[in-house]
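Let's take a look at how a protein holds its ligand, and then at a couple of backbone oddities. Have the structure open as you read along.

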Amino acid sequence: MTDWKIRRAPAIHAEITVPGDKSISHRSIMLAALANGSAQITGFLPSEDCLSTMKAFQQLGVEIERLDDTTLIVHGKRGNLTPPAEAIDCGNSGTTMRLMCGILASQPFRSRLIGDASLSKRPMKRVIDPLTQMGARITAEGENGRPPLVIEGGSLQGIAYTSPVASAQVKSAILLAGLFGKGSTSVTEPEQSRDHTERMLAWHVVRPRKIGLTVTLLGGQHLESRDFEVPGDISSAAFWLVAAAAMPGSHLLIKNVGLNPTRTGILAVLIRMGAQVNEIIESTDGEPRGSVEIYGVELKATTIGGKEIPNVIDELPILAVAAALAKGRTIIKDAKELRVKETDRIAAIAKNLRAFGVDVLETEDGMEIEGGGKYHGAEVESFGDHRIAMSCAVLGMFSDGHTVVRDTECVNTSYPGFYEQLLRFVKPSKSND
Ligand code: S3P
C-alpha cells in the first residue's frame with residue numbers, strides 16, 4: 001500500500017499539461033476497434049482503467065500496437081469481434097463495463113464481464129434494462145443487477161429510451177448497441193450528460209441527430225477509421241485548477257486540455273466562487289481543446305445543483321475541497337449519483353473533510369460545507385477511490401503540519417503521475433523522499 005505525505009504548498013506559478021482524458025481514451029479505442037481500418041490514437045491515457053478497455057479489445061481479437069505509452073495503432077475489425085477465451089476483466093472501470101455491454105450485446109457469442117471489488121458493487125441494471133428492451137440477453141451474477149455480467153449476444157432492435165439518470169455511460173451503451181441494431185435508436189436523458197460518444201461517432205462519420213435532450217442514431221452504419229488525438233483530461237486538471245484558484249497570488253496555465261462544454265462546468269463554478277479564469281479554445285476538431293488560465297483569489301461559497309450536476313459529477317470531490325477553502329456555506333445538492341461511484345463519495349468526502357477540521361453536513365443528495373476555516377493536516381483513507389485520494393491531497397496543500405493519504409494505488413486508474421506533479425508544487429521535503 002502506498003501512502004502519500006503532503007505539506008502546505010506555496011502559491012503556484014506554473015504552466016503544465018495533464019494526461020489524456022479518460023472518457024475520451026476509452027471511446028477512442030472502442031470506436032477505432034469497431035471501425036473499418038487502421039487508425040493512430042495519440043495522447044491516450046495509459047491508466048489502469050483505459051488499459052482495461054485496451055485489453056478487453058485485444059481479447060476480442062483486435063490488434064493494437066503500442067508505439068509508446070500514449071500512442072496506439074488500432075486495427076479495426078468492422079464490428080466483427082471474435083469470442084473471448086476468458087472473462088473480460090474491467091478492473092475498476094465502470095465506463096469499460098457499461099459501454100462493453102452495449103458493444104457486446106450484438107456480437108454473436110457469449111462473453112462474461114468481471115470487475116474488482118468496487119466495480120462488483122456498482123449498479124448495472126441501468127444498462128441491462130434498456131439493452132434487454134432492445135433484445136439483448138444479459139444476466140447479472142451478482143445481487144440486484146450487480147456484476148459479473150454474462151452477455152449472450154444476438155440481433156438487436158432499436159428503441160426509444162427515456163433514461164431515468166443523466167448518465168453518459170448509459171446513453172453510450174444504448175447508442176453503441178443501436179449502431180448494430182435494426183432501425184433507429186434514441187436516448188432521452190433528464191439532463192445533458194457528457195457527449196463524447198456522440199462527437200466521436202461523428203468524427204468516425206456516423207452522425208447522431210440531437211434534438212433537445214434526445215440523441216437518435218440509425219442502426220447499420222459503418223464507422224470510418226480516422227486518426228484521433230485525445231486532449232488532456234479536465235477532470236485531472238481540476239485538482240490543480242482548484243489548488244491555484246484557492247491560493248491568492250497563484251497563476252496556473254494548463255495547456256492542451258479538453259474543453260468540451262459538457263465537461264467544463266468546473267470553470268463556471270470556480271468563476272462563481274470568484275476565481276479569474278480564461279478559457280481559450282484552440283481547436284474544435286473532434287473534441288474541443290485549448291488552454292485554461294486561472295488566477296488565485298479568496299474564494300467565496302456557492303450552490304451547486306440541478307442541471308449543472310452531470311457536468312461536474314467527477315469534480316464534486318475536489319469542488320468540496322474548494323468549498324472548504326471558500327468563505328461561507330457552500331451547498332452541493334441533486335448529486336445522489338455520487339453515492340454509486342467508485343465509493344459512496346458523499347460519505348467519503350464528509351468523513352475525510354471532517355478529519356481536517358472542516359464543518360460538513362452530509363445530506364442524502366449532497367452536502368453543506370462551511371468553508372474558510374484553518375485546517376490541520378490529517379491522516380485519511382482513499383476508500384479505494386482515486387478522486388477521493390487526489391482531493392484530500394490538495395486539501396493537504398492548504399493545511400498545517402503533515403497530511404497522509406493512505407492507500408493511493410487507486411490513483412493509477414485515472415492519473416498516473418499525480419503525486420509527482422503535486423510534489424513539484426509543494427517542493428520535496430525529507431518526509432516526501
Ligand atoms: C463517464 C461518465 C460518468 C462519469 C465517469 C465517466 C463516461 O459516469 O462519472 O467517470 O466516460 O461516460 P455516469 O455515466 O455514471 O454518470
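Start with alanine 168, one of whose backbone N or O atoms lies 3.1 Å from an oxygen atom of the ligand. Keep in mind that this is a predicted model. Two side chains also reach toward ligand oxygens: serine 167 places a polar side-chain atom 2.6 Å from one, and aspartate 314 has a side-chain N or O atom 2.7 Å from one. Here are those contacts side by side:

| Residue | Part of the residue | Distance to a ligand oxygen atom |
|---|---|---|
| Serine 167 | side chain | 2.6 Å |
| Alanine 168 | backbone | 3.1 Å |
| Aspartate 314 | side chain | 2.7 Å |

How much of the ligand does the protein bury? On its own the ligand exposes 380 Å², and the protein buries 95% of that. The ligand's home is the largest pocket. Helix H1 (22-34), helix H3 (94-104) and helix H5 (168-179) each give two or more residues to the shell around it.

So who else is in that shell? Its members include Ser23, Arg27, Thr95, Arg98, Gln169, Arg194, Ile313 and Lys341. Sorted by class, the shell has five charged, four polar and two nonpolar residues. Both domains pitch in, with at least three residues from domain 1 (2-20 + 231-432) and at least three from domain 2 (22-229).

Now for the backbone. Most peptide bonds are trans, and most residues other than glycine have a negative phi. The bond from proline 147 to proline 148 is cis, with omega near -5°. You'll find proline 148 in the loop between strand E8 (137-140) and strand E9 (149-152). Arginine 78 has a positive phi, near 50°, without being a glycine. Look for arginine 78 in the loop that runs between strand E5 (71-75) and strand E6 (88-89).

Notes
Residues are numbered from 1 along each chain as its sequence is written. This is a predicted model: local features need pLDDT of at least 70, side-chain atom pairs count only at pLDDT 80 or more; totals for chains, interfaces and linings use all residues. Side-chain values use heavy atoms; hydrogens and water are left out. A residue is near a molecule or strand if one of its heavy atoms lies within 4 Å of it. A polar contact is a pair of N or O atoms within 3.5 Å; within protein, one must be able to donate a hydrogen and the other to accept it, and residues adjacent in sequence count only if both atoms are side-chain atoms. Accessible areas come from the Shrake-Rupley method with a 1.4 Å probe; for residues, only the protein chains shown count as cover. On a 1 Å grid over the protein atoms alone, a cavity is a set of points where a 1.4 Å probe fits but cannot get out, and a pocket is an open set with protein on both sides within 12 Å along at least five of seven lines; lining residues have an atom within 4 Å of a point. A molecule sits in a cavity or pocket if more than half of its atoms lie within 2 Å of its grid points. Helices (H or I, at least four residues) and strands (E, at least two) are DSSP runs, numbered from the N terminus. Ala, Val, Leu, Ile, Met, Phe, Trp, Tyr, Cys and Pro count as nonpolar, Asp, Glu, Lys and Arg as charged, and the others, Gly among them, as polar. Domain bounds come from an automatic or database domain assignment.
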